[in-house]
Amino acid sequence: MGAITINDAYPWGRSFDEYRRMFSLTNEDLQRRIIGCADGPAAFNAQMHRRGRRVVSCDPLYAFSAAEIRARIDETAPKLVALAREAADRFVWDRIASPEEMGRIRCAAMDEFLADYDAGRRDGRYVERSLPELGFADDAFDLALCSHFLLLYSDELSFDFHRDGVIEMCRVAREARIFPLLDMHGERSRHLPGLLDALRSAGLHANAERVDYEFQRGGDEMLRVWR
Ligand SMILES: C[S@@+](CC[C@H](N)C(=O)[O-])C[C@H]1O[C@@H](n2cnc3c(N)ncnc32)[C@H](O)[C@@H]1O
């Protein structure tokens, strides 16, 4: 994936509660130094800030202003709700009851992000950085999270990108968690078996683990990688 322009981006942000469940985050985890990779317009960082914790989010989206991101959200959100309606059988409609409710939850999360964005950018909490090179010092963080980017975009992102990206996450943090294991078609990522082998060959521990979150049907596992 090259440098993104605002017209490539479909900003779509998840809530704090979704992050907590997707990554099985315990209260102890929330005390750790966390970096969010590909956090986009998710509300996790903003909510953590309100709780007095500092998270650093990295995403090429942060090259854009709040007004540019807001305009892009307003343009794309109705399309993403329509797409979910068309592919409704690929999702589990329990905690989120309908595509319309999904739209409301995502938009509320993105509003929370946008309200925090300018201050967070000035404070170095939203940084324009792109995997597979994060550019932070070794061990600058304890835990690196990546939601709905690696593995999900397996058609667009190569195997090497995945391997280098996860190894980079484990360089800047002792542990990395990636959710989901599914690609855009709802199939387990074709990169996953080779990725597990490559990570273990690089001396890392890597396991798929069940989590208490399923929205994409069958997407209830995260990849945990640690040194
Ligand atoms: C589907 S969104 C996920 C947002 C958020 N993590 C969530 O789950 O709500 C995917 C994000 O990946 C970001 N992205 C694209 N290329 C990237 C790269 N090379 N490194 C990090 N993030 C990237 C996009 O800008 C977008 O914000």
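**Close-up views of a predicted model**

**View 1. Strands β6 and β7 pair in the antiparallel sense.** Six bridges join β6 to β7, which spans residues 221–226. Look for A208: its bridge partner in β7 is L223. The model shown here and in the other views is predicted.

**View 2. Seven strands form one open sheet.** The strand order is β3-β2-β1-β4-β5-β7-β6. Pairing across the sheet is mixed. Strands of a sheet pair through backbone hydrogen bonds, and the pairing can be parallel or antiparallel. Which strands stand at the edges? They are β3 (126–127) and β6 (205–210). Each has a single partner strand, so one side of each is left without a neighbour in the sheet.

**View 3. Helices α6 and α7 pack on the sheet.** Helix α6 covers residues 159–172. Helix α6 touches β1 (34–37), β4 (141–147), β5 (173–179) and β7. The directions of α6 and β5 make an angle of about 140 degrees. Helix α7 covers residues 192–201 and touches β6 and β7. The directions of α7 and β6 make an angle of about 140 degrees.

**View 4. The ligand has 20 residues around it.** Of these, R14, A38, D59, L131 and S147 come nearest. A backbone N or O atom of R14 lies 2.7 Å from an oxygen atom of the ligand. For A38, a backbone N or O atom lies 2.7 Å from a ligand nitrogen atom. S147 uses its side chain: an N or O atom there is 2.4 Å from an oxygen atom of the ligand. How much of the ligand does the protein bury? Taken alone, the ligand exposes 600 Å², and the protein buries 93% of that.

Note on methods:
Residues are numbered from 1 along each chain as its sequence is written. This is a predicted model: local features need pLDDT of at least 70, side-chain atom pairs count only at pLDDT 80 or more; totals for chains, interfaces and linings use all residues. Side-chain values use heavy atoms; hydrogens and water are left out. Two strands pair if DSSP finds at least two bridges between them. Helices (H or I, at least four residues) and strands (E, at least two) are DSSP runs, numbered from the N terminus. Contact means heavy atoms within 4.5 Å. Axes are lines fitted to C-alpha atoms, for helices over the stretch in contact, and angles run from 0 to 180 degrees between N-to-C directions. A residue is near a molecule or strand if one of its heavy atoms lies within 4 Å of it. A polar contact is a pair of N or O atoms within 3.5 Å; within protein, one must be able to donate a hydrogen and the other to accept it, and residues adjacent in sequence count only if both atoms are side-chain atoms. Accessible areas come from the Shrake-Rupley method with a 1.4 Å probe; for residues, only the protein chains shown count as cover.
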